[in-house]
Amino acid sequence: MKITDLRCTVIGRNPVLRIVTDEGIDGFSEVEPSKHYLKPHVLFYRDYILGEDPTCVERVVRKIRRLGAFKPWGSSVSAIEMALWDIAGKAAGLPVHRLLGGKVRDRVRVYNGAVRFPLDGYTPEDYAANMARMKASPENFSLIKQGVAFHGPMAASVPGFYYGDPGDGGHRIDRGALTEKGLKHLIACTEAMKEVCGDEVGLALDCGPGMLPHDVIRFARAVEHLNLAWIEDTVTGDYVPWVHADQYLEITRSTSTPIHTGEQIYLRHNFKDLIEQKAVNVIGPDPCDVGGISELKWITEYADLHGILMAPHGTGDGLFGVAALVQVCATLPDNYIAFEYPTGDPSWWYDIVDGLPDPIVEDSHIEVWDTPGIGVTFNDQARDYLPEEEKDFFD
Ligand SMILES: [Mg+2]
């Protein structure tokens, strides 16, 4: 089998990839909607993979892996890898999880980072009310993540939260030392949310990037009695193109609150220091940023050898992302906690994709399916959402 084309279009705001072969088997994947601009970057790799056998996934990815980078520049390589696995599975007549070693669990746990409701404000009461809505969602999530501090509007919206001035959007990092008032506010909001969660629902907090290590230590120690699931991306995170393993090591050794990072990191090599130094307790690579699903699998196995837990990121990965995450997470070792459940946005995504269970999430879990490839496909309705100049994308 040979790759005859790599195509990329944008459906809604999600870049969608199609790898075409000479045997009539296609592979599909999707990139998160905040990276709607990546189409030219995806197509940059086309000439490198044409003529290759798509079922030799690693051999193909080796040709392009060095040409990627931290978020958002790892998504294109990652999405190509995921579409290759889709082809390999379809060609073998097997679900992708069978090609990754086989499923070790029949259902995978997911956590909530995408079934979100707008906050009415930034007081402890507002965070508690918002948490109550998420807790009541029909997916019955057993773990919920909320953005606080520099992740989301808290730092910029609470007057005097930190010693600095918020920027004016874009990808600038708002960053600085917390005031005593800011630290107390952060603790009060965390306590208010945990009060709602009780011990039925785990609470994780996305905090940065933008916190300074000594503030993370003060905050993490102050909330130790709340038994948080983890504190995520404090000093780095999101689009930060470095790791700072030494700073995470200092933080992690200073508190019993689990420390988490990794959603923006590209490749296993950039997890090496975090894992070998045991600089964090939990890592959360996104399969569509880290280099693909086999990259995620490798990192998880290596983390498990070092006593580090795995909670993959995925909030924007869309419905093809759900499918890819289910495939790989079914095969992960026991350090797997849950993946961040992506939703289809806008909601018509659920009309144009076939293969997902209905409902998708029951009791905070997704049943692992056994259809060939990643197990989801576009149906004919998807054509209605193609850009006018790319109506032949599926032809
Ligand atoms: Mg995050």
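This report describes the overall build of one protein chain, its two domains, a three-stranded sheet and the setting of one residue.

The structure is a predicted model, in which local features need pLDDT of at least 70 and side-chain atom pairs count only at pLDDT 80 or more, while totals for chains, interfaces and linings use all residues. Residues are numbered from 1 along each chain as its sequence is written.

**Overall build**

The protein chain has 15 helices and 14 strands, where helices (H or I, at least four residues) and strands (E, at least two) are DSSP runs numbered from the N terminus. The radius of gyration of the protein chain is 21 Å, close to the 21 Å given by the globule rule for 395 residues, so the chain is as compact as a globular protein of that length; the radius is taken over C-alpha atoms, and the rule is 2.2 Å times the number of residues to the power 0.38. Along its principal axes, the C-alpha trace spans about 65 × 40 × 40 Å. Of the 395 residues, 50% count as buried, a residue being buried if 20 or more other C-beta atoms lie within 10 Å of its own, exposed if 12 or fewer, and partly exposed in between, with C-beta atoms placed from the backbone.

**Domains and their contact**

The domain assignment, which is automatic or from a database, gives domain 1 (3-94 + 378-390) and domain 2 (98-374). The centres of domain 1 and domain 2, taken over C-alpha atoms, are separated by 26 Å. The contact takes 37 residues from domain 1 and 31 residues from domain 2, with two residues in contact if their C-beta atoms, placed from the backbone, lie within 7 Å. On the side of domain 1 that touches domain 2, the elements giving two or more residues are β3 (27-30), α3 and α4 (75-92), and the largest share, 12 residues, comes from α4.

**The three-stranded sheet**

Three strands form an open sheet in the order β1-β2-β3 with antiparallel pairing, where two strands pair if DSSP finds at least two bridges between them. The edge strands are β1 (3-11) and β3, each of which pairs on one side only. Neighbouring strands of this sheet are turned by 15° against each other on average, direction ignored; axes are lines fitted to C-alpha atoms, for helices over the stretch in contact, and angles run from 0 to 180 degrees between N-to-C directions. The two hairpins of the sheet are set out below.

| Hairpin | Residues between strands | Turn residue with positive phi |
|---|---|---|
| β1 and β2 | two residues | G12, about 65° |
| β2 and β3 | five residues | G24, about 80° |

Eight bridges join β1 to β2 (residues 14-21), and I11 stands opposite N14 in β2, while I3 has T21 as its bridge partner in β2. Over four bridges β2 and β3 pair in the antiparallel sense, and the partner of V16 in β3 is E30.

Helix α4 packs on the sheet, touching β2 and β3, and its direction makes about 145° with that of β3. Helix α14 (residues 318-329) also packs on the sheet, touching β2 and β3, with a direction at about 110° to that of β3.

**Residue T55**

T55 is found in the loop between α2 (46-49) and α3 (57-61), and T55 counts as buried because it has 20 C-beta neighbours inside 10 Å. Not counting residues up to four places away in sequence, T55 touches M1, I87, A88 and A91. The C-alpha atoms of T55 and Y336, which are 281 residues apart along the chain, are separated by 27 Å.
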